[in-house]
Amino acid sequence: MIQKIFRKKSSPTQVSNDMASKQIRYEALVNALHADLYRYAFWLVHDQHIAEDLVQETFLRAWRALDSLKDEKAAKSWLITILRRENARRFERKQLDMSEYEEPSIVDNISTTTEQQLEDHWLREKIARLPADYREPLVLQVIGGFSGEEIANMLNLNKNTVMTRLFRARNQLKDAIESEQKLKGRSNG
Amino acid sequence: MDDLEFRRRLYADPKDNNSDIQKGIDEDSANARFYDEIQQLDKRINSALHVEVPENLSNNLILKQTLASHRKQTTQKRWHLAVAASVAFFVGVGINYFNASPVYTSVADYSLAHYYHEEGKFSHSADGSVNLASLNDKMRDVNANFNGEIGNIVAVKDCYFDGMDSVHLVLEGKYDNITVFVIPKVQHLAQSRQFADSKIHGLSREYQQGEVIILGDKREALDLWQQKIDETIEWSI
């Protein structure tokens with residue numbers, strides 16, 4: 001009788017099965033979303049290492065709370081929410097200044113750089129100079145693939161505000177590109 | 001939709017493919033040109049935002065989690081063991097306390113309760129299986145022995161007299177069995193020389209090292225029994 005109760009409660013194979021399926025879910029989540037999450041973190045903090053740490057911490061928290069994630073479709077915004085909270089915590093821990101935009105090792109071997117990479121490099125600096133309020137919705141839209149409404153929910157803003165910021169972000173980047181082309185044109189001509 | 005609105009909408013979301021955007025493109029070549037420009041811009045932005053992801057990041061994430069959950073499991077196991085151990089400890093202490101804690105406040109109450117608890121469990125005549133030697137063997141538990149016959153012994157057994165190692169004697173009486181408890185010195189129970197209820201009565205006598213309580217039917221002459229025991233009992237240290 002007692003044996004029966006114990007067996008019913010948690011047979012070791014059952015437990016390890018649960019663990020294994022959780023592990024599989026976790027690994028799928030990591031493989032599918034780590035890149036987007038890293039890029040989001042990078043544009044949030046402008047530092048490769050801090051971004052990596054943030055992603056690590058986010059996934060560890062995600063593992064602990066994995067059972068609460070019912071809708072796999074919502075996984076990306078769930079992870080981003082965790083990451084934003086982690087980042088806020090980082091600021092609480094010590095009063096960090098947002099680090100200056102640097103791009104170490106991303107374009108480290110100039111010799112093999114293509115024109116595309118040079119172009120990216122140039123534009124990254126401009127994106128980094130955008131106000132954070134404009135940049136964040138842009139990153140969520142382009143990398144995260146979220147709609148204006150979803151971004152509004154994640155950032156606790158109303159949709160019109162988000163759309164205005166997205167408009168301004170692109171507008172400023174377009175202006176920057178156009179004035180650069182004008183400058184180039186002048187020095188060339 | 002005017003040009004300004006058209007532009008605003010596409011700046012905010014180049015992938016906006018509502019029918020009115022499509023209509024704007026079809027109806028106005030300037031709009032169409034702007035649409036292409038914005039797609040071009042967004043392609044550049046998209047490329048720039050997609051910074052390189054550190055190599056092995058996903059492997060590191062899985063590794064870190066595996067290590068962390070392994071560590072958690074082992075500490076959890078230790079924690080479970082600690083909880084189990086302390087639960088077992090308190091159950092042990094609790095049982096001991098429960099068994100040993102005095103429920104009755106006087107020797108008389110306890111004796112009566114014990115008497116009624118065992119009432120009817122003994123036969124009314126001695127079958128000769130208990131002799132003086134086997135009686136004295138038991139009596140060693142309470143550091144006492146009898147130097148002579150005290151009567152016909154129906155039964156002798158060790159008992160816990162309110163948590164104390166004691167000897168429970170059942171003797172053949174005239175009307176019913178006589179019950180004798182030989183117990184160690186009592187501190188926590190109130191003493192009484194004589195006690196009785198509606199059916200039985202009892203006597204107790206205190207010695208230096210212990211106490212003898214005699215219970216029996218009201219008609220029994222317990223004082224004679226007491227006298228007999230008093231004469232034959234010998235206490236050792």
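Here are a few notes on this predicted model, covering confidence, one helix of chain A and the sheet of chain B.

1. Confidence first. Chain B has a mean pLDDT of 85, with 97% of its residues at 70 or more. Going element by element in chain B, helix 3 (residues 29-49) comes out highest with a mean of 93, while helix 5 (residues 107-118) is lowest at 81. Keep that value for helix 5 of chain B in mind for point 5.

2. Over in chain A, helix 4 (residues 75-93) runs for 19 residues and spans 27 Å from first C-alpha to last, close to the 27 Å expected at 1.5 Å a residue. Its buried residues include A:W78, A:L79, A:I80, A:I82 and A:L83. Have a look at the polar and charged names too: A:K76, A:E86, A:N87 and A:R90 are also among the buried residues of this helix.

3. Back in chain B, there's an open sheet of six antiparallel strands, in the order 2-3-4-7-6-5. Strand 2 (153-161) and strand 5 (194-196) of chain B sit at the edges, each pairing on one side only. On average, neighbouring strands of the sheet are turned by 20° against each other, direction ignored.

4. Within that sheet, strand 4 (residues 178-184) and strand 7 (residues 210-217) of chain B run antiparallel and are joined by six bridges. B:F181 is opposite B:I213 of strand 7 of chain B.

5. What lies across the sheet? Helix 5 of chain B crosses strands 2, 3, 4, 5, 6 and 7 of chain B, at about 125° to strand 2. Helix 6 (residues 132-139) of chain B lies across strands 2, 3 and 4 of chain B, at about 5° to strand 2.

Conventions
Residues are numbered from 1 along each chain as its sequence is written. Chains are lettered from A and ligands numbered from 1 in the order in which they are written. This is a predicted model: local features need pLDDT of at least 70, side-chain atom pairs count only at pLDDT 80 or more; totals for chains, interfaces and linings use all residues. Side-chain values use heavy atoms; hydrogens and water are left out. pLDDT is the predictor's confidence in each residue, from 0 to 100. Helices (H or I, at least four residues) and strands (E, at least two) are DSSP runs, numbered from the N terminus. The expected span of a helix is 1.5 Å times one less than its number of residues. Buried means under 20% relative accessible area, exposed over 50%, partly exposed in between (1.4 Å probe, protein chains only). Two strands pair if DSSP finds at least two bridges between them. Axes are lines fitted to C-alpha atoms, for helices over the stretch in contact, and angles run from 0 to 180 degrees between N-to-C directions. Contact means heavy atoms within 4.5 Å.
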